[in-house]
Amino acid sequence: ACSACQAVVLNLYDPERLKEPQKKDGNKADWQTIDTEVIKALKEASEGGKEIAIVSHPLLSPTLKKVWEQFHKNYQTAQLYTYDFFHESHPQQAWKKAYGTEEIPAIEWDKAKIVVALEADFLGNEGHQIEQIRLFSRNRDAMSERDFNRLYVIEAGMSLTGLNADYRLRLRPEAHYELVLALLNEANKKHPSSKVPQWVNQYDLGKVAGKYNLNQETLKHLAHDLSEHPGEAIVYAGAKLPEAVHSAVLLLNEVLGNTSLYSKHHRTMLHAPLTSPQEWTELVQKISNG
């Protein structure tokens, strides 16, 4: 388990935690009183056709999903709103537009000979880092007979993944879109695909390198490695990057045949989709209107 998972256990022993329910004014109450009042309010809202908004973290547990379904069966007007402070809405939306689902597969890092991380600290604090470190490091053992992989990291600030890179380039996040399209243009020259729109050919790798002061030789090596290892490389974008970058990365991996490294297991199984910003705005408006 990662350090965050180990540390969260301490919440069970936090002496400052709430030990009983409290009312809005801060006064303590007993469970029986609270249950009676809440159930009465739920019945009145449901029978009166008023929405019951349940605000929750994402449903990761099948058991919790079943509890929610039973609750919704009893109170038909209930709506579930889920949020997460550190979410993957950008990659999920890009994946959904490309493949029709928000369930992003895990990556078989141990089968990748070339790894390109774009503003993605997959060895540090992004994704299931324990599993990712274990799989990625299989090809970094000098005592093993396995071939070494090669790690390119392109990021703005130094990360743990960047510290382990064979080649690291500094690039601000808003410039990643142009870089990915330039790489896509290079890949399409070697592996032509009807999926790549014609306007992509206006993005030249050399021009992007000059515009953002990137090492041209390193970028040439990167483009060459990707083209020479179809189905054995993976380009991975961090969750902080915009949806457009993730869409371009998905297409780049498609053109290079890197989808073969997508695992049959999902990275995160959500039993309820995250609520969109627009839906949160609508909920606030409904609350304001009574």
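**Close-up views of two pockets, a sheet and a helix**

**View 1. The second largest pocket draws on helices α4 and α11.** Each of these two helices, α4 and α11, supplies at least two residues of the lining of the second largest pocket in this predicted model. The top contributor is α4, which gives 3 residues to that lining. The volume of this pocket comes to about 250 Å³. Its lining is made up of 13 residues, and S89, L274, T275, S276 and P277 are the ones closest to the pocket centre. Sorted by class, the lining holds 7 polar, 4 nonpolar and 2 charged residues.

**View 2. The largest pocket offers about 1100 Å³ of space.** Here 34 residues form the lining, and those nearest the centre of the pocket are D84, F86, E88, N125 and G127. Three helices give two or more residues each to this lining: α1 (3–8), α4 (89–99) and α5 (129–137). If you are curious about the chemistry of the wall, the lining of the largest pocket counts 14 nonpolar, 11 polar and 9 charged residues. Helix α4 may look familiar from View 1, since α4 also supplies at least two residues to the lining of the second largest pocket.

**View 3. Four strands make an open, parallel sheet.** Follow the strands across the sheet and you meet them in the order β6-β5-β4-β7. At the edges are β6 (167–170) and β7 (233–237), each of which pairs on one side only. On average, neighbouring strands of this sheet are turned by 10° against each other, direction ignored.

**View 4. Strands β5 and β6 run parallel, joined by 4 bridges.** Strand β5 covers residues 150–155. Look for E155, which stands opposite R170 in β6.

**View 5. Helix α9 lies across the strands of the sheet.** Spanning residues 216–228, α9 lies across β4 (114–118), β5, β6 and β7. Relative to β5, α9 runs at about 125°.

**View 6. Helix α11 has a length that agrees with expectation.** How far apart should the ends of α11 (residues 277–288) be? At 1.5 Å a residue, its 12 residues should span 16 Å, and the end C-alpha atoms lie 17 Å apart, so the two values agree. Just after the helix comes G290, where phi is positive at about 90°. P277, listed in View 1, is among the residues closest to the centre of the second largest pocket.

Definitions and conventions: Residues numbered from 1 in each chain as written. Predicted model: local features only at pLDDT ≥ 70, side-chain atom pairs only at ≥ 80, totals over all residues. Heavy atoms only, no water. Pairing = 2+ DSSP bridges. Axes fitted to C-alpha atoms, helices over the stretch in contact; angles between N-to-C directions. Contact = heavy atoms within 4.5 Å. Expected span 1.5 Å × (residues − 1). 1 Å grid on protein atoms, 1.4 Å probe; cavity = no way out; pocket = protein on both sides within 12 Å on 5 of 7 lines; lining within 4 Å. Points joined across faces, edges and corners; volume = space filled by probe spheres on them. Nonpolar A, V, L, I, M, F, W, Y, C, P; charged D, E, K, R; others polar.
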